[in-house]
Amino acid sequence: MSAPERIPARRLTPAELEEHLRHGELTVRGRVREASNAVLYCTVEHDGWSGACVYKPVAGERPLWDFPDGTLAEREVAAYEISRATGWDLVPPTVLRDGPYGRGMVQEWIAASDEDDSPELLALIEDEEPGPGWKAVGFAEVGEGRTALLVHADDPRLRRLAVLDAVINNGDRKGGHLLPTADGRVYAIDHGVTFHAEDRLRTLLWGWAGDPLTEEALAVLKRLAEETAEGEPLAARLAECLTEEEIAALRERIATMLSSGTHPQPSGEWPPIPWPPV
């Protein structure tokens with residue numbers, strides 16, 4: 001007699017996960033050492049459910065010259081709110097709450113796939129032009145006076161993320177912030193350096209710069225324009241995390257992309273690629 005087929009557990013909805021993250025009991029299990037700010041790996045338990053999460057206390061944020069102190073956690077939550085509004089759900093559920101080390105951001109822990117057959121999203125190649133299925137970002141020094149072409153996959157999941165990053169003005173989209181999962185999704189993390197009122201877009205996803213936006217992206221941007229308008233619920237939630245000037249700049253970025261109908265290009269006034277890029 002064969003063993004019964006195992007039915008995978010249902011993935012909770014973002015709203016359900018938010019509820020658990022917001023009200024569950026946090027227990028710190030360790031620290032992510034390579035992070036520049038305090039990033040704590042935790043378990044959370046609530047109403048018979050348990051899971052893993054990341055907790056970034058405001059007290060552990062490193063001061064930055066171009067962002068007000070103690071605001072990175074709120075920006076992470078605002079990025080999640082915009083991600084939810086797009087319907088793409090690229091950012092894991094994220095809430096702002098008190099924890100063992102004070103107020104901070106708490107986000108669902110995403111376990112990246114370690115399967116060898118997972119498609120590559122980023123690569124360095126010796127050629128001067130990207131091959132089929134790839135988009136060029138630019139040339140990078142790889143040591144001993146050599147350069148290689150940095151490319152990313154011509155992947156609709158990444159193209160959606162490029163649109164989201166442009167909307168939230170992400171100043172730090174690195175390769176290590178992309179988490180492909182075993183179910184074929186790609187999640188994006190680390191959104192503390194976002195929503196600056198001035199252009200700060202730095203990303204490894206420049207491959208579509210200047211290209212026409214997809215019909216899907218234009219529809220999403222139109223919806224974002226409506227939902228971020230003054231008096232709308234999303235605008236009210238963003239106002240808890242961002243300044244009036246930052247929200248006005250967000251609306252302007254959305255309007256500019258709708259008007260141009262294209263992916264933005266580097267402004268030339270700010271380094272376009274984050275360093276280090278991984």
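Biologist: Which strands does α2 lie across, and at what angle to β4 does α2 run?

Modeller: α2 lies across β3, β4 and β5, running at about 150° to β4. Axes here are lines fitted to C-alpha atoms, for helices over the stretch in contact, and angles run from 0 to 180 degrees between N-to-C directions. Contact means heavy atoms within 4.5 Å. The model is predicted, so local features need pLDDT of at least 70 and side-chain atom pairs count only at pLDDT 80 or more, whereas totals for chains, interfaces and linings use all residues. Residues are numbered from 1 along each chain as its sequence is written, and side-chain values use heavy atoms, with hydrogens and water left out.

Biologist: What makes β4 and β5 a pair of strands?

Modeller: Two strands pair if DSSP finds at least two bridges between them; six bridges join β4 (residues 94-99) to β5 (residues 102-108), and these strands run antiparallel. They are therefore paired by that criterion. Among the facing residues, Asp-98 stands opposite Arg-103, and Val-95 has Val-106 as its bridge partner. The two strands form a hairpin with two residues between them.

Biologist: Why is one side of β1 and of β4 left without a neighbour in the sheet?

Modeller: The open sheet has five strands in the order β1-β2-β3-β5-β4, with antiparallel pairing. β1 (25-31) and β4 stand at the edges, each with a single partner strand, so one side of each has no neighbour in the sheet. The twist averages 40° from one strand to the next.

Biologist: Why are α3 and α6 called oblique?

Modeller: Angles under 35 degrees count as roughly parallel, over 145 as roughly antiparallel, 65 to 115 as roughly perpendicular and the rest as oblique. α3 and α6 pack at about 135°, with their axes 8 Å apart, and they are therefore oblique to each other. Val-163, Ala-166, Val-167 and Ile-168 in α3 meet Leu-250, Arg-253, Ile-254 and Met-257 in α6.

Biologist: What makes a set of residues a nonpolar core?

Modeller: Such a core consists of buried Ala, Val, Leu, Ile, Met, Phe, Trp, Tyr and Cys residues joined through side-chain atoms within 4.5 Å, where buried means under 20% relative accessible area (1.4 Å probe, protein chains only). The largest one has 47 residues, and those with the most contacts inside it include Val-167 and Leu-238. The elements giving two or more residues to this core include α2 (72-86) and α4 (215-227), while α3 gives the most, with eight. A second, separate core of nine residues includes Leu-21, Leu-26, Cys-42 and Val-106.

Technical notes. Buried means under 20% relative accessible area, exposed over 50%, partly exposed in between (1.4 Å probe, protein chains only). Helices (H or I, at least four residues) and strands (E, at least two) are DSSP runs, numbered from the N terminus.
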